[in-house]
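Let's take a friendly walk through the charged pairs and the two domains of a protein chain. Have a look at the structure first, and then we'll go through it together.

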Amino acid sequence: MTAPDPSTVGPGHTGPSDGTGPAATPMVVEPPTHDRLDRLWADPPGLRGQLTGVQNDKIGKRLLLTGFFFLILGGSVDSVVMRLQLAVPNNDLIGPELYNELFTNHGSVTMFLVILPIFEGFAILLLPLVLGTREMPFPRLGAFSYWTFLLGGLLYYSATLFQLVPNAGWFAYTPLSGPDFSPDLALDFWVLGLGVAEVGAIAAGFEIIIGVLKMRAPGMTLARMPLFAWSVLVMAFMILFAFTPLIIGSLLLELDRGFGTQFFDPTQGGSSLLWQHLFWIFGHPEVYIQFVPATGVVSMILPVFTRQRIVGYQWLVAALVGIGFLSFGLWAHHMFAVGLPPMVLGFFAAASMAIAIPAGIQIFAWLATIWAGRALWRTPMLFVLGFLVIFVLGGITGVMVAAPPFDLQAHDSHFIVGHLHYVLIGGVAFPIFAGVYYWFPKFTGRMLSERLGRWNFWLLFIGVNITFFPMHIVGLMGMPRRIYTYDESTGWGPYNLISTGGVLVVVSGIAVFVWNVVRSARRGDPAGANPWGADTLEWAVPSPPSEHGWSVLPIVTSRHPLWDQDDLHSGDARLERFVQAIGRWPLRWRAAVVVGTADGRPQEVFRVADPSIWPLCTALGVVTIFVAELAKLRWGLAVGGVIVVGSAIAWNWPSPADMTEAEEAAFEREHGVAVNAGGSVVVATWGMGLAILFVSIAFASLLLSYFYLRLENPQWPPPGVTGPGLGGPALAALAALTAAVSVRVALHRVRTGHRAGVLAALATGALATGAAVAGQAAALLGSGISGTAHAYGSIFSTLSGFLLVVMTAAFTMVLLVLVWAARGLYDARRYAPVANVARFHTAMVAIWLIGFGTLYLGPVLT
């Protein structure tokens with residue numbers, strides 16, 4: 001089946017046919033159980049539902065709306081005031097201190113509280129429909145991610161109430177952000193408020209990774225997966241690898257500020273460049289974290305509005321993965337001016353240029369798709385065109401600043417400001433607007449105004465170029481960035497006045513967009529299920545969709561199922577029987593399907609978590625910890641920790657499976673797919689795997705800090721400091737090994753159906769883990785090494801404390817599993833928690849051995 005004539009696209013036209021006109025979207029026939037499923041999946045009504053709701057559409061919309069709210073605050077208001085100040089020479093509209101606060105807030109809010117939450121909102125909102133499943137794998141984790149994002153943003157903005165607005169730039173370079181030059185609490189609001197939001201970003205990343213890889217429609221192999229899903233998958237992995245080092249860097253900075261450690265004080269063995277390395281390991285990938293999902297939006301829209309299958313699907317997937325890897329090899333691109341060795345400069349310059357190759361592949365694939373099809377210039381397509389033009393211009397200047405000689409001249413100039421905004425607005429903001437215009441009908445049932453949409457596009461497109469193109473010129477003329485005024489003799493005035501006028505045009509475009517959304521949500525033209533004649537699964541369900549999305553799961557046999565399949569529920573006979581059965585059963589709990597990562601074959605039917613207040617309570621516990629540190633109420637750290645641990649335990653406390661093992665076994669015999677009404681074994685395994693990966697990345701970031709400081713100091717430990725003893729740590733290592741083996745024995749026995757001895761093995765594991773915790777605590781407290789006198793003691797104490805936290809987490813896990821095992825909750829079918837605790841204990845031992853070698857053996861052997 002080919003794509004239809006583009007002239008037929010619009011409300012009332014629903015899909016492709018033989019190229020001569022619209023054909024009906026494949027019908028989704030709802031079973032008699034549809035209404036019952038809808039009630040089952042609905043969140044509670046009223047305030048209770050607002051606080052306990054876990055539905056992906058609710059969480060996704062909240063992330064989108066909150067992100068746009070922060071965009072108005074930090075992205076629009078701040079930028080207008082700054083541009084008004086720079087409009088003319090020697091202006092005194094605002095002073096230098098307020099200007100510093102404005103540009104710090106503008107960059108911080110845009111990078112942390114706007115773009116990424118919006119794309120995570122798109123992902124959580126869209127993925128279940130796009131992938132043909134009912135829900136994300138961890139609905140409560142999605143709710144937790146939103147609450148931490150919201151509370152972190154509010155904590156950051158509460159600095160304004162105390163007149164303690166951060167003013168050291170969105171990058172918070174040391175020593176400016178350290179205790180000597182920023183002694184008040186302004187930078188603590190920056191570190192701690194945004195730190196809470198970073199926790200939420202990582203939590204959402206977990207949700208997205210497992211959702212894409214394990215929760216798809218039957219038959220949707222990796223090769224049939226929409227490019228939007230590929231893009232958010234790469235984004236989520238990048239979040240995990242980028243945000244974790246930032247959290248570690250923020251921890252070290254707050255330890256310097258609040259506890260007197262010496263990580264960034266060169267006079268005491270620290271290094272101010274250590275912060276830059278940790279920050280830019282996050283900072284440069286962050287640009288691509290924002291760009292990658294934007295390309296996924298573009299790749300979804302282009303085929304629909306050109307009526308042409310995307311050209312180079314495999315190349316586009318490879319480009320996404322390539323960008324994800326390469327983006328972590330060029331963080332020092334931002335450090336060309338700090339005095340790095342020439343060989344290092346050459347490596348990072350080459351990497352900075354090399355990343356243009358996968359980006360170029362994407363551009364040519366999109367242009368080839370437009371060339372091969374017949375474009376329909378509706379509003380989503382206009383924003384895609386604007387993206388292509390502005391991003392290519394920004395990419396060209398990006399290659400320019402990848403050359404160290406040029407970067408040394410342009411680094412602190414307005415040329416960089418222009419380049420960054422061309423990349424972020426062209427490469428990110430325009431696809432966001434395109435995505436809103438494209439998917440708004442699906443979730444509201446109404447079309448956005450096409451007339452207002454065109455005004456929105458042209459005002460933004462013209463305004464962006466008027467604003468930021470002159471910045472390249474004035475930057476090459478020598479205008480530094482981060483200055484609040486300038487003299488008339490510089491000749492920069494006309495260019496700044498033009499840029500200020502452009503900002504006002506951009507703001508008017510945003511105002512048109514807001515009005516369009518508000519007006520169309522109430523009075524827009526009704527949208528059918530598929531008003532664009534699109535090709536992907538989300539357009540097969542009603543607009544707006546039901547609470548559970550799919551009653552009968554689709555069977556996917558194509559990358560373009562709505563263009564190629566006449567019936568979404570036909571295919572392999574066994575799959576047909578399976579999806580029809582899931583539409584009728586079970587009706588007592590929220591059932592979702594796990595599929596094979598590569599082949600898309602159903603693996604498991606499992607119970608998805610119900611609404612709960614505990615994600616909100618856990619988020620409140622997290623923010624309590626950060627607020628306590630902000631107020632220097634150290635007892636509050638313990639209170640927040642108790643709230644977090646208690647809420648997390650209540651969140652994960654097992655509830656009785658509303659199904660007997662006989663019922664599960666009967667379904668398995670008939671359909672060949674495992675059923676776990678007590679929770680997914682597969683999803684739990686992936687969740688623990690990602691948790692271990694997160695802990696490992698955090699540990700690696702601390703090791704990087706350790707060895708960086710080691711190389712910065714000619715003598716390690718410093719003179720007068722005796723290295724730690726080996727006795728206590730060796731005993732702790734032996735106890736940790738014993739614990740890991742004991743838990744493995746318990747797992748083997750419960751998995752094979754031999755319940756005898758399980759409690760004894762778990763009890764032994766708990767005692768051994770407790771002994772390891774005690775041994776590590778004694779080794780840390782008895783080392784006699786000050787954490788505040790020298791950078792050696794600072795990193796020794798922090799790394800040792802990290803090992804202690806990992807061991808304490810393992811101890812808490814094994815105690816809980818022991819309690820649950822004593823209640824008889826585990827058998828040969830339901831043992832996922834025991835398996836996860838065994839995995840975490842194995843990781844604990846590996847981390848401990850590496851830490852032992854680094855902290856205790858290393859100083860002795862060198």
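Arg590 is buried, with a relative accessible area of 2% in this predicted model. Its partner in a salt bridge is Asp610, which is partly exposed at 37%. Arg590 sits in the loop between helix 18 and strand 1, and Asp610 in the loop between strand 2 and helix 19, so the salt bridge ties together parts that are 20 residues apart in sequence.

Side chains of opposite charge can pair when their charged atoms come close. A search of the whole structure finds 17 salt bridges, including these three:

| Pair | N to O distance |
|---|---|
| Glu450 and Arg378 | 3.4 Å |
| Asp412 and Arg481 | 3.6 Å |
| Asp610 and Arg590 | 4.0 Å |

Glu450 belongs to helix 15, while Arg378 is in the loop between helix 11 and helix 12, so this pair joins parts 72 residues apart in sequence. Is each partner buried or partly exposed? Glu450 counts as partly exposed at 22% relative accessibility, whereas Arg378 counts as buried at 16%.

Salt bridges can also form a network, as with Asp188, Glu254, Arg257, Glu629, Lys632 and Arg634.

Now for the domains. The assignment gives domain 1 (31-523) and domain 2 (708-861), with C-alpha centres 38 Å apart. How many salt bridges are there between domain 1 and domain 2? The count is zero, but four residue pairs are in polar contact. Helix 7 gives the most to the side of domain 1 that touches domain 2, with four residues. By class, that side has seven nonpolar, eight polar and no charged residues.

Key. Residues are numbered from 1 along each chain as its sequence is written. This is a predicted model: local features need pLDDT of at least 70, side-chain atom pairs count only at pLDDT 80 or more; totals for chains, interfaces and linings use all residues. Side-chain values use heavy atoms; hydrogens and water are left out. Domain bounds come from an automatic or database domain assignment. A salt bridge is a side-chain nitrogen of Lys or Arg within 4 Å of a carboxyl oxygen of Asp or Glu. A polar contact is a pair of N or O atoms within 3.5 Å; within protein, one must be able to donate a hydrogen and the other to accept it, and residues adjacent in sequence count only if both atoms are side-chain atoms. Helices (H or I, at least four residues) and strands (E, at least two) are DSSP runs, numbered from the N terminus. Ala, Val, Leu, Ile, Met, Phe, Trp, Tyr, Cys and Pro count as nonpolar, Asp, Glu, Lys and Arg as charged, and the others, Gly among them, as polar. Buried means under 20% relative accessible area, exposed over 50%, partly exposed in between (1.4 Å probe, protein chains only).
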